[in-house]
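Trainee: Hi! Could you walk me through this one before I head back to the bench?
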Amino acid sequence: MSSFHVLICDDEEPAHVVLRNYCKQIPWIDQVYEAYEGMEAYGILQKKSVDILLLDIEMPGMKGLELAQQLKNPPIIILTTAYPEYAIEGYRIDAIDYLLKPISTARFLEAMHRAKERLSQKKQGAKKANELWIRMDKVDRKLNPHDLLWVEAEGDYLRLQISGEAKR
């Protein structure tokens, strides 16, 4: 089973306590990082591998939505807030869920399972991106792109050098 890293970003200690305790109940969460404002979270995201970001919206300094907009390759984002009026903004940053405080255990688990499913889909997509399919002798063959040494055009065909053998 894969394990994932979570970052809690909220300016209120009681929110950290609740979210941290919820995360401890989920066996596939391996590491929980914590930040109390946007710039602190930004620093952690630059240094650590984070899969899921539990992000408050209203914080002093850099707001949660501002932080999300600064990230080039953001983790899965779950917004955790007391303000329902920001839901539309959540779609703009591609948040996977929007949890209103106080957050129930059931809603938290629902959001985290959705995040886990999205992460699994991303991993599957990454695996497929590392596959190359070729038709050789009327048979489809999966090829690891790292095994491909060179390609040469030969009329309507290609000559491939794969792991020490010439293929046409």
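Trainee: Let's start in the sheet: which residue of strand 4 does Leu55 stand opposite?
Mentor: Leu55 stands opposite Leu79. Keep in mind as we go that this is a predicted model.

Trainee: Okay, and how do strand 3 and strand 4 pair, parallel or antiparallel?
Mentor: They pair in the parallel sense, over four bridges. Another pairing to look for is Ile52, whose bridge partner in strand 4 is Ile76. Between the two strands the chain passes through helix 3, and that β-α-β crossover is right-handed.

Trainee: What is on the two faces of strand 3, buried or exposed residues?
Mentor: Buried ones on both: Ile52 and Leu54 are on one side, with Leu53 and Leu55 on the other. That fits a general pattern: side chains in a regular strand alternate between the two faces of the sheet.

Trainee: Which strand does strand 3 pair with besides strand 4?
Mentor: Strand 1 pairs with strand 3, in the parallel sense and over four bridges. You can find the register from Ile8, which has Leu54 as its bridge partner in strand 3.

Trainee: Back to strand 4, then. How many of its six residues are buried?
Mentor: Six of the six residues in strand 4 (residues 76-81) are buried, so the strand is largely enclosed by the rest of the structure. One side carries Ile76, Ile78 and Thr80, while Ile77, Leu79 and Thr81 are on the other.

Trainee: And where does the chain go after strand 4?
Mentor: Strand 4 forms a right-handed β-α-β unit with helix 4 (residues 87-92) and strand 5. Strand 4 and strand 5 (residues 97-100) pair in the parallel sense, again over four bridges. Thr81 is opposite Leu100 there.

Trainee: Which residue in the loop between helix 4 and strand 5 should I look at?
Mentor: Try Asp94, which lies in that loop. Its phi is near 65 degrees, a positive value in a residue that is not glycine. As a rule, most residues other than glycine have a negative phi.

Trainee: What about the peptide bond from Lys101 to Pro102, cis or trans?
Mentor: That bond is cis, with omega near -5 degrees. Pro102 sits in the loop between strand 5 and helix 5 (105-129).

Trainee: New topic: helix 2. Which of its residues are buried?
Mentor: In helix 2 (residues 38-47), the buried ones are Gly38, Ala41, Ile44 and Leu45. They are on the same side of the helix because they cover an arc of only 120 degrees around its axis. The general reason is that an α-helix has 3.6 residues a turn, so residues three or four places apart point the same way.

Trainee: What do those buried residues pack against?
Mentor: Their packing partners are strand 1 (4-9), strand 2 (29-35), strand 3 (52-55) and helix 3 (64-70). On the other side of helix 2, Gln46 and Lys47 are exposed.

Trainee: And what happens at the start of helix 2?
Mentor: A side-chain oxygen of Glu37 comes to within 3.3 Å of the backbone nitrogen of Met39.

Trainee: I always check cysteines. How many disulfides are there?
Mentor: The structure has zero disulfides. Cys9 is in none, and the nearest cysteine sulfur to it, in Cys23, is 13 Å away.

Trainee: Why can't Cys23 bond to Cys9 in this model?
Mentor: Because the sulfur of Cys23 is 13 Å from that of Cys9, its closest cysteine sulfur, and that is too far for a bond.

Trainee: Is Cys9 buried or exposed?
Mentor: Cys9 is buried, with a relative accessible area of 0%. Cys23 counts as buried too, at 2% relative accessibility.

Trainee: Which residues is Asp56 in contact with, apart from its sequence neighbours?
Mentor: Leaving aside neighbours within four places in sequence, Asp56 is in contact with Cys9, Asp10, Asp11, Gly64, Thr80, Thr81 and Lys101. Asp56 lies in the loop between strand 3 and helix 3, and at 3% relative accessibility this aspartate counts as buried.

Trainee: Last one: where is Ile162?
Mentor: Ile162 is in strand 9 (residues 157-162), and with 3% relative accessibility Ile162 counts as buried. Its C-alpha atom is 9.1 Å from that of Val151, 11 residues apart along the chain.

Conventions:
Residues are numbered from 1 along each chain as its sequence is written. This is a predicted model: local features need pLDDT of at least 70, side-chain atom pairs count only at pLDDT 80 or more; totals for chains, interfaces and linings use all residues. Side-chain values use heavy atoms; hydrogens and water are left out. Buried means under 20% relative accessible area, exposed over 50%, partly exposed in between (1.4 Å probe, protein chains only). The arc is that of the directions from the helix axis to the C-beta atoms. Contact means heavy atoms within 4.5 Å. A polar contact is a pair of N or O atoms within 3.5 Å; within protein, one must be able to donate a hydrogen and the other to accept it, and residues adjacent in sequence count only if both atoms are side-chain atoms. Two strands pair if DSSP finds at least two bridges between them. A crossover is right-handed if, with the strands pointing away from the viewer, the path from the first strand over the helix to the second runs clockwise. A disulfide is a pair of cysteine sulfur atoms within 2.5 Å.
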